[in-house]
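Biologist: I should be grateful for a close look at one part of this model, namely the loops with unusual backbone angles, set within the overall fold.

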Amino acid sequence: MKKIVIVNSSPRKNGNCDILCSEFGRGAVMNADNEVVRFNLNDVDFDFYREDQTEDEFDNIAHQMMDANVIVLATPVYFYSMSGQMKTLIDRMMPYFSQISNKDFYFILTAPINKKEMEPTAESLTGFTDCLNDCNVVHITYGANVSQKGDIINKPAYKEVFDIASRIL
Ligand SMILES: Cc1cc2nc3c(=O)[nH]c(=O)nc-3n(C[C@H](O)[C@H](O)[C@H](O)COP(=O)(O)O)c2cc1C
């Protein structure tokens with residue numbers, strides 16, 4: 001049994017990241033007794049990283065991530081990088097990141113552009129995971145060529161996330 005924490009950083013309800021995160025969660029419990037904990041950062045009240053940070057709703061996410069075997073980070077492409085919500089989450093990991101070790105990461109990206117054009121965004125996420133101990137990026141799903149909510153349902157990424165998650169045993 002694995003504990004899987006899914007973090008969706010898109011503010012769009014029923015948007016393409018939202019749908020892919022749901023499919024990942026569905027696949028993750030298909031063949032195994034995995035525990036899935038899901039956060040939509042749009043619904044989380046948390047601040048930027050600050051020098052004298054006080055506790056807010058972010059700290060629960062950090063603890064859940066430390067406790068997880070698998071972490072899924074989902075972001076739309078915003079100006080060829082990740083969303084501000086995801087960047088804030090990563091920056092807030094500063095006091096915690098040395099305690100994040102031995103995890104499998106999966107990235108989910110969505111954008112109207114093609115896979116090649118989305119690669120700088122994936123690299124911006126690996127800027128975080130490269131700083132962690134004994135963590136692997138197992139798979140990156142490129143939800144390419146999507147714009148309107150729901151476009152992703154007709155793209156290969158939709159089945160891909162389900163299949164990949166269903167192999168987490
Ligand atoms: C602030 C902002 C910045 C964006 N920047 C880009 C971009 O650089 N390249 C691009 O192809 N799409 C860009 N988009 C479009 C989003 O990537 C696109 O709408 C994506 O499908 C949203 O994903 P979601 O449905 O998962 O929220 C941007 C959208 C917003 C709101």
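How many helices and strands are there in the protein chain?

Modeller: The protein chain holds five helices and five strands, where helices (H or I, at least four residues) and strands (E, at least two) are DSSP runs numbered from the N terminus. This is a predicted model, in which local features need pLDDT of at least 70, side-chain atom pairs count only at pLDDT 80 or more, and totals for chains, interfaces and linings use all residues. Residues are numbered from 1 along each chain as its sequence is written.

From the N terminus on, the order of elements is β-α-β-α-β-α-β-α-β-α. Two of the loops deserve attention here. Asn14 lies in the loop between strand S1 (3-8) and helix H1 (16-28). Its phi is near 60°, a positive value in a residue other than glycine. Asn14 is exposed, as 10 other C-beta atoms lie within 10 Å; a residue is exposed if 12 or fewer other C-beta atoms lie within 10 Å of its own, buried if 20 or more do, and partly exposed in between, with C-beta atoms placed from the backbone.

Phe79 belongs to the loop between strand S3 (70-76) and helix H3 (84-92). Phi of Phe79, a residue other than glycine, is also positive, near 50°. With 8 C-beta neighbours inside 10 Å, Phe79 counts as exposed.

As for the setting of these loops, buried residues make up 40% of the 169 residues in the protein chain. Along its principal axes, the C-alpha trace spans about 45 × 35 × 25 Å.
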